[in-house]
Amino acid sequence: MTKQYFQLFVDTGGTFTDCIGIDESGQEYRQKVLSSSSLRSTVHKVISANQCVIADAWKLDRDIFKDFSFRLLQQKFTERKVVSFDVQNKILELDAACLTPEMEGINFELTSHEEAPVLGARLITQTGLNEAFPDMYLKLGSTKGTNALLENKGAKTLLIVTKGFADLLEIGNQARPDIFAINVKKTRQLTHRVIEVDERIDSNGKILKPLDLDELKNKLNKENIIEIESVAITLMNAFINPEHEQQLSQLLKENGFQFVATSTELSPLIKILNRAETTVVNAYLSPIIHNYVNRIAEKTGRNLFRIMTSAGGLVSADKFHPKDSLLSGPAGGVVGAREIGQWEGYTQLITFDMGGTSTDVSRIDDEFDYRYELQLGDARINSPAIAIETVAAGGGSICGFDGYKLFVGPESAGAYPGPACYGAGGPLTITDVNLLLNRLDASQFGIPVFSYEAEKRLEELLDAMENSTGEKPSATTVLNGFIAIANEIMAGAIRKISITKGYDPKNYALVAFGGAGGLHTCDIAEILSIQNILLPKDAGLLSAYGIGNASVERFAEKQVLRDLKHVENLLPDWFKEIETKATKKLQKEGFDREKINIRQRMVFM
């Protein structure tokens, strides 16, 4: 008899972490937690100096909050420990006398000081801090790598490159991002140090100058690399002959370097610049992502832990490369949207995922639209990914006035402090705008919201506009203006993936999801003349749903570098070669050959 596992599907976004659980009997559970790994509620009534009644929205059957940390928002308050939680009467008891009647109506946070997916798992499985989780099959998509890349919070990385190419990444392809800019800003470098090695392989793979490992050992001793956390290796023409990269990798691992990335393992393709950028990004993220995954696996188990890739497939947590997971959450949403479309008989879909921080859109024509080079911030990566266009317009996008005009985004209020209505001192955002226009039902939120906090921020904005222009516009005019700006930004993203590529959006059905998708989808459809809209039941959790329904997949590729007229008869053999390569990867992970299918074959020129 096959063993039954508790299944958990998690998508960690910029603001919220969405969780769907299915227990051994098939019953489903849903939870949202803040991606700052905390739960928020309100002090409803203070009973004593260490007890209060709270507004509970977590549907718990038992106390799991013992030893969680408690702190009030927007007040100087020493963090306290939870002693117990009476789930029947909603009474929270703390380990010290710190509550006063004046604290009634104030928001507070509970946190277990764990990663957000672990906190979500605790709520769904109702597992306390000192208790073991049930046997669990975890599927995870996360923005952890994306955020580390965009916020420059990766590891201190050493690049080892062929002699003469130390400034390869700094020179780049010499393209100027803004051709008319007088003050040219150079791309921020991810590498901490660069070391050259005196070796050379020609374009046919022949070794012209052997690798001197002793020279590298001396450089490693002389260079100040004590603080180096990760190493990227990219050598000239290694894509034809990886021997030198493999030797360097082995030497570094023998000398105690845990995270070593080689370009031939990650991107065995022509063009040293693309290979170097991809390898550096992977090395830059490896310690961050692997430590993050390890912290989750320590609590939930490692055996059945899979990570979503940017291409919409699942990879074992111990087999994936960080560069392949940068768009994992948005990819989960696209997979979920296709499932919904298939149920309703639609094969041509435009996905519209409006979350707290950004909006992601993609086009589906029976199959996903893929791309093989990603640009994220200052980094470019060779990695297969579902083609997703992202714009900085989400529920948390900050709304303001710059002295001349209204603006929406690109900055976001994030999970903390969040929109003004969250009660943590945040700025005016699209969520606040929807709340003040009565487009949003406050009772449907998973956390308490306060319209008067949003009203205060709006009044401050109107006063600032009056001081700047001499006129004070009506609140309704300004609020509707913010909605119109946000809608146009999001419609523009859809035009980019459809009209600019020769596809008419009115021929597609619009699948709206994400926490804010349903609020704006009719406006977007009207702007683009789209006639059919699909609103999934689990719209706010569709990325987690898609991650749960994704398949375990592997991409295998072969670079040909020949004229088209020379390859026609060879294609069947090449396809067979890379199919065997991908199949062997899956068999090594324990999958039966009979259960492995080839889903798609693609040729790019």
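Begin by selecting Leu140, Gly141, Ser142, Lys144, Gly145, Ile289, Tyr292, Val293, Ile307, Phe320, Ser325 and Ser328, the residues that line the largest cavity. Strand 10 (136-142), helix 2 (144-150) and helix 7 (272-300) are the elements that each give two or more residues to this lining. The volume enclosed is about 80 Å³. Colouring the lining by class shows six nonpolar, five polar and one charged residues. The model on display is a predicted one.

**Glycine 141 and its surroundings**

Keep the cavity in view and centre on glycine 141, which is found in strand 10. Is glycine 141 buried or exposed? Its relative accessible area is 0%, and since buried means under 20%, glycine 141 is buried. Next, display the residues around it. Leaving aside neighbours within four places in sequence, glycine 141 is in contact with Val10, Asp11, Thr12, Met308, Ser328, Gly329 and Ile547. Among these contacts is Ser328, a residue that also belongs to the lining of the largest cavity. For a sense of distance, draw a line from the C-alpha atom of glycine 141 to that of arginine 439: the two are separated by 30 Å, and they stand 298 residues apart along the chain.

**Across to aspartate 11**

From glycine 141, move to its contact Asp11. Aspartate 11 is found in strand 1 (residues 6-12). With a relative accessibility of 8%, aspartate 11 counts as buried. Which residues does aspartate 11 touch, not counting those up to four places away in sequence? Select Phe16, Thr17, Asp18, Gly141, Gly329, Ser543, Ala544 and Ile547 to see them. Gly329 and Ile547 appear here and also among the contacts of glycine 141. A second line can be drawn from aspartate 11 to serine 286, whose C-alpha atoms are separated by 20 Å with their positions 275 residues apart along the chain.

**The second largest cavity**

By the rule applied here, the count comes to two cavities of 30 Å³ or more. To find the second largest, select Arg338, Gln342, Tyr346, Thr347, Leu349, Ile364 and Asp366, which form its lining. About 30 Å³ of space lies within. Its lining consists of three nonpolar, two polar and two charged residues.

**A loop between two helices**

Now go to phenylalanine 445, in the loop between helix 9 (430-436) and helix 10 (451-469). Its relative accessible area is 23%, and phenylalanine 445 is therefore partly exposed. Show Tyr422, Thr431 and Leu440 as well, for phenylalanine 445 touches these residues when those up to four places away in sequence are not counted. Glycine 515 is 70 residues away along the chain, and its C-alpha atom is separated from that of phenylalanine 445 by 9.7 Å.

**Three points in the backbone**

The next stops concern backbone geometry. Most residues other than glycine have a negative phi, and most peptide bonds are trans.

- Select glycine 409 and proline 410: the peptide bond from the former to the latter is cis, with omega near 0°. Proline 410 lies in strand 26 (residues 406-412).
- Select serine 37, where phi is near 65°, a positive value in a residue other than glycine. Serine 37 lies in the loop between strand 3 (28-34) and strand 4 (39-48), and at 6% relative accessibility it counts as buried.
- Select aspartate 67, which has a positive phi of about 75° although it is not a glycine. Its place is in the loop between strand 5 (51-54) and strand 6 (69-72). At 30% relative accessibility, aspartate 67 counts as partly exposed.

**The whole protein**

Finally, clear the selections and zoom out. How many helices and strands are there in the protein? There are 14 helices and 28 strands. The radius of gyration is 26 Å, close to the 25 Å that the globule rule gives for 605 residues, so the protein is as compact as a globular protein of that length. Rotating the C-alpha trace shows its span along the principal axes, about 80 × 55 × 55 Å.

Of the 605 residues, 51% count as buried. Switching to a surface view displays an accessible surface of about 28,600 Å², of which 47% belongs to carbon and sulfur atoms. Among contacts between residues at least 6 apart in sequence, 68% join residues at least 24 apart.

Notes. Residues are numbered from 1 along each chain as its sequence is written. This is a predicted model: local features need pLDDT of at least 70, side-chain atom pairs count only at pLDDT 80 or more; totals for chains, interfaces and linings use all residues. Side-chain values use heavy atoms; hydrogens and water are left out. On a 1 Å grid over the protein atoms alone, a cavity is a set of points where a 1.4 Å probe fits but cannot get out, and a pocket is an open set with protein on both sides within 12 Å along at least five of seven lines; lining residues have an atom within 4 Å of a point. Grid points are joined across faces, edges and corners, and a volume is the space filled by probe spheres set on the points. Helices (H or I, at least four residues) and strands (E, at least two) are DSSP runs, numbered from the N terminus. Ala, Val, Leu, Ile, Met, Phe, Trp, Tyr, Cys and Pro count as nonpolar, Asp, Glu, Lys and Arg as charged, and the others, Gly among them, as polar. The radius of gyration is taken over C-alpha atoms; the globule rule is 2.2 Å times the number of residues to the power 0.38. Buried means under 20% relative accessible area, exposed over 50%, partly exposed in between (1.4 Å probe, protein chains only). Contact means heavy atoms within 4.5 Å. Accessible areas come from the Shrake-Rupley method with a 1.4 Å probe; for residues, only the protein chains shown count as cover.
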